[in-house]
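Open the model in your viewer and keep the sequence panel beside it. The stops below tell you what to select and what is there.

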Amino acid sequence: HSSQSGLLNYRMTGQAALTDDGSSGQEEVPCHSTKRRGFFGGATKHSELDSKMERMVTQLVEELTEDEREHAARASYKYLWKSVTTKDTEKQSKDWLEEQSTVAKAMALRFLKSKKGNYSVLALQKLRRAIEFRKEMDVDGLRLCFQASKLDLDEATQEKYAMYRERLSERMTTGRVYVCGYDKQGRAIYTIFAARTKDFDPEWFLKESLYNFERALACTERESGGLQESITVIGNYTGFESKHRAPMSISHKFMDSLRQNYPGRVNRVFLLRTPSTFLLFWSLLKPFIGTDTRKKIVFLNESHRQEQFSDLVSVDQATPWMLDGGQKTREFDSKEYLFETPFDEGFDP
């Protein structure tokens, strides 16, 4: 396959390989390792299966329209930024179209893995629905709005991005959720302070969460050199009360959005110091969370905190409430995070 070498080359700096269960294709080694496995895992005993998977992924992408392929490729922030800063006349070359197809296959592969490697009309439908979701939520706009001054935008888009900046700036002053630090495999840490909830605006509670989820993915892509595709979620529930609990409709919508549109994007979820008020809420929310996702969620009490997090994250990437002696001690500064830090970097890099 002439395309396979392109996939392998892009994966060296682009996206991470996945195994048959949808997890990361490489071993759990620190991100500074030079080990590379390639898009379909290289020449291993699974090469026959890998070749079959490649054909199915290619088939999925070929079923997409040109516009759908572009939006699938834009799930990679690296590709998105390159696309919006490249002239349209330069996007008709063979090299560009091959790169677009290569990156689009990364998204298609995640959906194929979520269906246990079985190509079906359903897999294509789910992929297309996820692309439509990204367009409806304007995920590109959310990711680009704080870099608008660097882009050639029409007046309507400038006004829209200004509104996005205003709404996100208003919401994120409390630091309810943001990206800070990386685990030992180079996955960005999506940090939640559940007691800092500002309000439950149905649209912008979701968009604030998606902005930071996408930012964690972009940080992971950059930090790991594309070797990882998933993120680590750590929730701190210190001070959480019933008034901080999101309405079930909003929580359900967010969880469903992740389940339907971001397969394989969450590695583990750690919830620390959850009070009884949250556990009651969890019992109601749990039925809406997929079985595979539930297996990734760990409730931590104080006695297991140090042991669990010391395996997960190094001291220089941890806060003191994660690890004793954690060096991420700065108070969250939303202006610095939103306006002064690149989208593919977390707070206090």
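**From strand S5 back to S1**

Start by selecting Val 269, which stands opposite Ile 297 in S5. This is a predicted model, in which local features need pLDDT of at least 70 and side-chain atom pairs count only at pLDDT 80 or more, while totals for chains, interfaces and linings use all residues. Residues are numbered from 1 along each chain as its sequence is written, and side-chain values use heavy atoms, with hydrogens and water left out.

Helices (H or I, at least four residues) and strands (E, at least two) are DSSP runs, numbered from the N terminus. Two strands pair if DSSP finds at least two bridges between them.

Now show strand S5 (residues 297-300) together with S4: the two run parallel and are joined by four bridges. S4 is mostly covered, with five of its seven residues buried. Buried means under 20% relative accessible area, exposed over 50%, and partly exposed in between (1.4 Å probe, protein chains only).

Next, add S3, which pairs with S4 in the parallel sense over six bridges. Here Val 233 has Val 269 in S4 as its bridge partner. Colour helix H10 (residues 248-261) as well, since S3, H10 and S4 make a right-handed β-α-β unit. A crossover is right-handed if, with the strands pointing away from the viewer, the path from the first strand over the helix to the second runs clockwise.

**Strand S2**

Select S2 and strand S3 (residues 231-236), which pair in the parallel sense over five bridges. Phe 193 stands opposite Asn 236 in S3. From S2 the chain crosses through helix H9 (residues 202-223) to S3, and this β-α-β crossover is right-handed.

How many of the six residues of strand S2 are buried? Six of the six in strand S2 (residues 188-193) are, so the strand is largely enclosed by the rest of the structure. In a regular strand the side chains alternate between the two faces of the sheet. Both faces of S2 are covered: on one side Ala 188, Tyr 190 and Ile 192 are buried, and on the other Ile 189, Thr 191 and Phe 193.

**Strand S1 and Val 179**

Add strand S1 (residues 177-182), which pairs with S2 in the antiparallel sense over four bridges. Val 177 has Ile 192 in S2 as its bridge partner. S1 and S2 form a hairpin with five residues between them, and Gly 186 in the turn has a positive phi of about 90 degrees.

Within S1, select Val 179. Val 179 is buried, with a relative accessible area of 0%. Leaving aside residues up to four places away in sequence, Val 179 touches several residues, including Asn 212, Cys 219, Tyr 337 and Phe 347; contact means heavy atoms within 4.5 Å. Draw a C-alpha to C-alpha distance from Val 179 to Asn 212: they are 6.6 Å apart in space and 33 residues apart in sequence.

**Two loop residues**

Move to Asp 138, in the loop between helix H6 (121-136) and helix H7 (139-144). Is Asp 138 buried or exposed? Asp 138 is buried, at a relative accessible area of 15%. Asp 138 has a positive phi of about 50 degrees although it is not a glycine. Not counting residues up to four places away in sequence, Asp 138 touches Lys 160, Tyr 161 and Tyr 164.

Finish at Arg 273, in the loop between strand S4 (266-272) and helix H11 (276-285). Phi of Arg 273 is near 60 degrees, a positive value in a residue other than glycine. Arg 273 counts as partly exposed, at 31% relative accessibility.
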